[in-house]
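Okay, thanks for coming, everyone. Let me put the structure up and then walk you through it.

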Amino acid sequence: MSQCPYHHTTTAGAPVADNQNSLTAGPRGPVLLQDWQLLEKLAHQNRERIPERVVHAKGWGAHGTFTVTHDISRYTCAKIFDTVGKQTPLIARFSTVAGELGAADAERDVRGFALKFYTEQGNWDMVGNNTPVFFIRDPLKFPDFIHTQKRHPRTNVRSATAMWDFWSLSPESLHQVTMLMSDRGLPTDVRHINGYGSHTYSFWNKAGERFWVKFHFKTQQGHRHYTNREAAQVIGKTRESTQEDLYASIERGYYPRWTMYVQVMPEMQALNTPYNPFDLTKVWPHADYPLIEVGVFELNRNADNYFSEIEQVAMSPSNIVPGIGFSPDHVLQARIFSYADAHRYRIGTHYEALPVNAPQCPVHHYHKDGAMRFTPNMPHADAYYEPNSFGGPVADSQVTEPPLRLHADFADRFNHREDAGNNDFVQVTALFNLFNAKQKQRLYRNISEAMAGVAPFIIERQLALFDRVHPDYGNGVRQALADDKASAPQQAELESY
Ligand code: HEM
């Protein structure tokens, strides 16, 4: 016997007398159209899916708390940072980029690292990755890049040829490709990864001064990675290794934590750095711009309903709050458009009003109707347009952002390869030199395995890029490719055994 204190009802609240038997014309007769309970149930089932995210479809998330530990009010007037000890609720969603909703978790891929801070001045979304750089620096290339990561239109399987063809023709991808093929490209789970805002954003303070800023979230759990072989074994046992790890860890009270840091650059220095500080394929050297500690966040509550809280969470780089601003980073500017557009298509017009997306501060705007509008009129005002004489909400000039002083000449489709500050190799060489001998060997092997089946002319073009980073890089991959080729006949023999 059920102990549930509630009666089963229809969506309209009417009590249901029988949820096991359809309404039929006798025991051997047909089902009646009049059985609206059956119709409602079938109709709901048909609408249980919404489109999965076009990228970052497979994800895992949880709720948590951000705590300020250091004063950075000289850089920003954002209220979230105004008092040491202040706490702000947040939700995090992590993801892989290329896999679909049902993809295996333990795949080599960049991990998305998206945070929504419910601040007293509205939601601030920090939609980053576990890498400080990205594959491209011009957003016009993003849809093409993503096509190379998804299924081939004819074969319907992912294509290593497409990936290496695109990368070898886009040298700006080298930095990110090297990270993806290194140990960090295959983390065991998301508790053991760092997060990065990746883009340059900006801070502005009460005096109206602007600073360029990069956000870093360093895992307090340490880094853990799988080799390709270990990951294959994990996937053979479970495709949900990250979901299981994050959920179980929080259920058991082991709350994962990350320390938040910023790198800060005074506004006018951006004109003089040897690299373009708004180029998403570059990092800012820590020696020039040291990490400044800001706070810590922990994830301490699992979602009660995965679909409503994690699948429907709508992250957007356009969600900023006073004291935090954008930068001229081209990719960031495209993202400011793209995410809210995706949410309106995927979730619906009023996606920001869903509980997981709703700010935890009062919301007063003049948008009106549309599918699924369920919020009430403004309580103390009879105003649904502006300007009005009936006490409607008004703009607050105190939160005016200082002008974004941009170095703009004239609009053109500038060739992003012709800017000396966009050199594609120098920083990759610095990264390569940080790897020890074993890490380099794993890098070569991972690349060689990822190149299986790719046409020689594409491999040669990519090897020439690795050579320009460091001769050891190109030669190391050449050797790994030769080793793989040498073991191929053995494998064929084994398979025909
Ligand atoms: C022009 C470049 C880019 C475009 C147009 C773009 C577009 C998108 C779109 C349309 C989504 C799906 C949103 C949704 O349906 O919820 C998405 C998800 C995501 N993107 Fe991007 N993206 C770009 C670059 C980047 C970069 C550089 C990063 C990281 C630094 C990034 C991180 C993410 C993350 C973490 C998600 C998943 C958010 C979540 O968990 O809900 N993207 N992107």
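So, the protein chain is assigned two domains, domain 1 (59–356) and domain 2 (425–487), with bounds that come from an automatic or database domain assignment. Before I go on: this is a predicted model, so local features need pLDDT of at least 70 and side-chain atom pairs count only at pLDDT 80 or more, while totals for chains, interfaces and linings use all residues. Residues are numbered from 1 along each chain as its sequence is written, and side-chain values use heavy atoms, with hydrogens and water left out.

Back to the domains. Their centres, taken over C-alpha atoms, are 27 Å apart. The contact between them takes 23 residues from domain 1 and 23 residues from domain 2, where contact means heavy atoms within 4.5 Å.

Now, which residues are closest to the ligand? They are Arg53, Arg93, Asn129, Arg335 and Tyr339, out of 25 residues that surround the ligand; the cut-off there is one heavy atom within 4 Å. Helix α8 gives the largest share of that shell, seven residues, and β3 (111–119) and β4 (122–129) each supply at least two. Helices (H or I, at least four residues) and strands (E, at least two) are DSSP runs, numbered from the N terminus.

On the polar side, a side-chain N or O atom of Arg93 is 2.7 Å from an oxygen atom of the ligand. Tyr339 has a polar side-chain atom 2.7 Å from a ligand nitrogen atom, and for Arg346 the distance to a ligand oxygen atom is 3.3 Å.

Let's stay with Tyr339. An unreviewed UniProt entry places a "binding site" feature there; UniProt positions are in the numbering used here, feature names are shortened, and annotations may be inferred rather than shown by experiment. Tyr339 lies in α8 (residues 330–346), and its side chain makes a polar contact with the side chain of Arg335 at 2.9 Å. For that term, think N or O atoms within 3.5 Å; within protein, one must be able to donate a hydrogen and the other to accept it, and residues adjacent in sequence count only if both atoms are side-chain atoms.

Is Tyr339 buried, exposed or partly exposed? Its relative accessible area is 23%, so Tyr339 counts as partly exposed. Buried is under 20%, exposed is over 50%, and partly exposed is in between (1.4 Å probe, protein chains only).

Next, the "active site" feature, which the unreviewed UniProt entry puts at His56 and Asn129. They're spread over 74 residues of sequence, yet they cluster in space, with a largest C-alpha distance of 10.5 Å. His56 sits in the loop between α1 (36–46) and β1 (59–68), and Asn129 is in strand β4. His56 is buried because its relative accessibility is 18%; Asn129, at 9%, is buried too. Not counting neighbours within four places in sequence, His56 touches Arg93 and Asn129, among others.

Last stop, the packing. The largest nonpolar core has 40 residues, and Phe135, Trp164, Trp167, Ile447, Phe466 and Tyr473 touch the most other members. By nonpolar core I mean buried Ala, Val, Leu, Ile, Met, Phe, Trp, Tyr and Cys residues joined through side-chain atoms within 4.5 Å. Helix α11 gives the largest share, six residues, and each of the two domains supplies at least three. A second, separate core of 37 residues includes Ala78, Phe203, Leu246 and Ile324.
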